Amino acid sequence: MKKVLIIIITIASGLVLNSCKKDFLQSSSQNGSVTDDNAFKDKADFDAYIFGAYTEMQGPNQNAGALHWLLLPGFISQDILPGDEKGVVLSSYLTPGSGDILNYWATFYKIATRANLILDKLTVAPATISDADKAIIEGEAEFIRGFAYFNLARAFGNIPLILKSYEDAQKSAECTEEDKVWDQVIKDLTDASQKLPTRTDWGPENSGRATKGAALAYLANAYMYKNDWAEAIGASESLIALNEHSLLPEIRDFFSAKNRNSGESIFEVQYRDIDNATFDWEGVNSNNGNYASEWTAPRGLDVAYAPFGGWGEAVMNKKLADSYAPEDDRRQKLAVAVGETYLGESMASPLTIPNSIAQNHSAFTTKYWLGPSPYFGNGTNLPQMRYSEFLLNYAEALFKSGKQQEAYDQLNKVRSRAKVASKPLSTDEEIFMTDLMQERRWELNFEPNLWFHYTRTGRAAKFLQEEYGISFNVAWNKFPVPQSERDLNPKLCQNNGY
């Protein structure tokens with residue numbers, strides 16, 4: 001009787017991941033489970049399953065995957081507002097019963113589960129797969145698992161650390177201390193950085209896949225959670241030595257549909273055009289990409305200005321827009337408010353945001369709003385990390401290591417591209433961290449990592465109080481473990497304060 005490999009979506013519930021699309025993993029059984037008859041027989045099978053992990057990153061909509069990872073922490077920070085222009089109430093938004101929190105948890109565990117199975121099956125991979133190919137497959141799976149646990153650790157802290165494909169014992173898995181989770185993330189990313197090809201070595205036909213540079217960038221960031229500044233600098237300088245990443249000349253260039261996977265991109269979730277000029281969206285609805293354009297364009301705009309009209313479900317807090325210096329190119333090119341004029345790259349003519357628009361107390365990010373399109377997403381990808389963020393992380397590691405001038409040199413590279421004056425050198429850590437966090441906010445809003453820089457550096461409370469008058473509950477530094485998971489597995493921990 002053939003052996004059936006069952007893949008678990010959530011840790012406790014044991015849901016089966018059924019029927020991956022044929023482009024990623026063929027399935028011959030009636031229930032869609034993966035069998036030894038049709039999987040892991042050659043390199044193409046392993047690649048197909050790896051592509052399935054990338055598909056999990058895309059997510060089906062704004063409730064899971066890359067757009068969800070952008071929205072959830074943005075709403076917590078109050079810099080992104082729901083369509084009613086009222087900030088979420090954190091005491092009721094950050095709760096163990098939140099569907100948003102559960103989806104965040106489940107998606108990253110699905111990704112980690114795929115990586116675990118790939119790594120397990122590699123141990124018995126057929127001899128027809130070369131050692132060189134095995135090393136790349138292993139490195140890519142380790143990056144994917146490291147990426148998943150990187151996001152889980154910074155969001156939840158103590159979590160179950162599952163490193164094997166599914167077994168019954170996982171239904172009663174206990175939590176691993178956060179520090180040990182970071183040790184595993186560092187191990188995975190270190191190994192990945194030694195095995196993955198560079199962008200150049202992958203070639204354009206593999207554009208978007210994890211690279212040596214991506215592994216090094218996340219590795220440097222992971223070391224920052226351990227306060228290991230020397231190792232963070234080492235990983236950063238290894239990435240720089242690859243000479244494959246740089247800032248694009250103009251900030252608007254990065255968010256152009258014409259510049260996907262540019263030299264500024266370190267890792268971005270793909271929503272590619274395919275042969276029939278529609279989007280490859282998990283093979284379920286081929287006319288859908290991501291929803292970022294619709295969600296961030298002002299509500300009520302017609303299709304001449306945004307694909308399928310603007311939905312305005314995630315708008316920019318006007319306080320964020322007003323915090324920029326007027327000459328800042330990020331304010332000029334990546335944000336627009338009522339009464340201001342905007343011309344997206346696929347718009348036939350400029351649009352002045354009317355005073356009569358429903359959300360007239362807000363501003364709007366234009367990072368993903370390019371204009372009309374016959375399908376969702378305008379051909380845009382969703383960045384997970386880009387070189388400007390890497391430079392700001394590198395600046396922090398340098399300052400913490402006593403290299404203050406070098407730290408400001410990196411920070412000021414980002415400011416120079418934004419066409420604002422350089423910050424003067426200060427050896428005072430509080431002044432530097434204020435400068436750095438302001439720069440992160442102006443550069444990284446409506447991207448997935450900003451909120452976690454506040455929590456990692458212990459500055460979330462200061463930010464919410466000073467910017468939005470919100471008294472911080474220390475519990476909010478971490479997300480609550482979903483209650484539905486704890487109901488199924490009573491051994492799961494819960495973060496203090498929930």
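## Ground rules

Buried means under 20% relative accessible area with a 1.4 Å probe and protein chains only, exposed means over 50%, and partly exposed is anything in between. Helices (H or I, at least four residues) and strands (E, at least two) are DSSP runs, numbered from the N terminus.

What you have here is a predicted model, where local features need pLDDT of at least 70 and side-chain atom pairs count only at pLDDT 80 or more, while totals for chains, interfaces and linings use all residues. Residues are numbered from 1 along each chain as its sequence is written, and side-chain values use heavy atoms, leaving out hydrogens and water.

## The chain as a whole

The chain has 498 residues, and 60% of them are buried. Its secondary structure adds up to 19 helices and 10 strands. Take the contacts (heavy atoms within 4.5 Å) in the chain with a separation of 6 or more: 68% of them join residues 24 or more positions apart.

## What sits in the cores

A nonpolar core is a set of buried Ala, Val, Leu, Ile, Met, Phe, Trp, Tyr and Cys residues joined through side-chain atoms within 4.5 Å. The largest one here has 131 residues, and Phe143 and Phe479 are the members that touch the most others. Set aside residues up to four places away in sequence, and Phe479 still touches Leu72, Ile76, Leu94, Ile101, Tyr104, Ala155, Phe156, Phe452, Asn495 and Tyr498. There is also a second, separate core of 13 residues, with Leu81, Val336, Met347 and Leu351 among them.

## Helix H2

H2 covers residues 66–77. Coverage is the thing to look at here, with 12 of its 12 residues buried. That list runs through Ala66, Leu67, His68, Trp69, Leu70, Leu71, Leu72, Pro73, Gly74, Phe75, Ile76 and Ser77. Two of those names, Leu72 and Ile76, also turn up among the contacts of Phe479.

The expected span of a helix is 1.5 Å times one less than its number of residues. For the 12 residues of H2 that gives 16 Å, and the end C-alpha atoms are 17 Å apart, which agrees. Just past the end of H2, Gln78 takes a positive phi of about 75°.

## Helix H6

H6 (residues 178–195) has 18 residues and reaches 26 Å from its first C-alpha to its last, close to the expected 26 Å. Its buried residues are a mixed bunch: Glu178, Val181, Trp182, Gln184, Val185, Ile186, Asp188, Leu189, Asp191, Ala192 and Ser193. What do the buried residues of H6 pack against? Their partners are helix H5 (131–156) and helix H8 (212–225).

The loop between H5 and H6 holds Ser172. This serine is partly exposed, at a relative accessible area of 35%. Its C-alpha is separated by 7.5 Å from that of Pro490, though the two residues are 318 apart along the chain. Not counting residues up to four places away in sequence, Ser172 touches Asn489 and Lys491.

## Two buried helix residues with distant partners

Asn116 belongs to helix H4 (residues 99–122). It counts as buried because its relative accessible area is 2%. Beyond its neighbours within four places in sequence, Asn116 is in contact with Arg145, Ile162, Leu163, Lys164 and Ser165. Between Asn116 and Ile162 there are 8.1 Å, C-alpha to C-alpha, for a sequence gap of 46 residues.

Tyr387 lies in helix H14 (residues 387–400) and is buried too, at a relative accessible area of 9%. Its contacts, again leaving aside neighbours within four places in sequence, are Leu239, Ile240, His245, Ser246, Leu247, Glu264 and Ile266. The C-alpha atoms of Tyr387 and Ala217 are separated by 8.8 Å, with their positions 170 residues apart along the chain.

## Positive phi in two loops

Most residues other than glycine have a negative phi. Phe40 goes the other way, with a positive phi near 65°. You'll find Phe40 in the loop between strand E2 (34–35) and helix H1 (43–58).

Phe308 has a positive phi as well, near 60°, and is found in the loop between helix H11 (292–296) and strand E5 (314–316). Which of the labels buried, partly exposed or exposed goes with each phenylalanine? Phe40 is buried, with a relative accessible area of 6%, whereas Phe308 is partly exposed at 42%.
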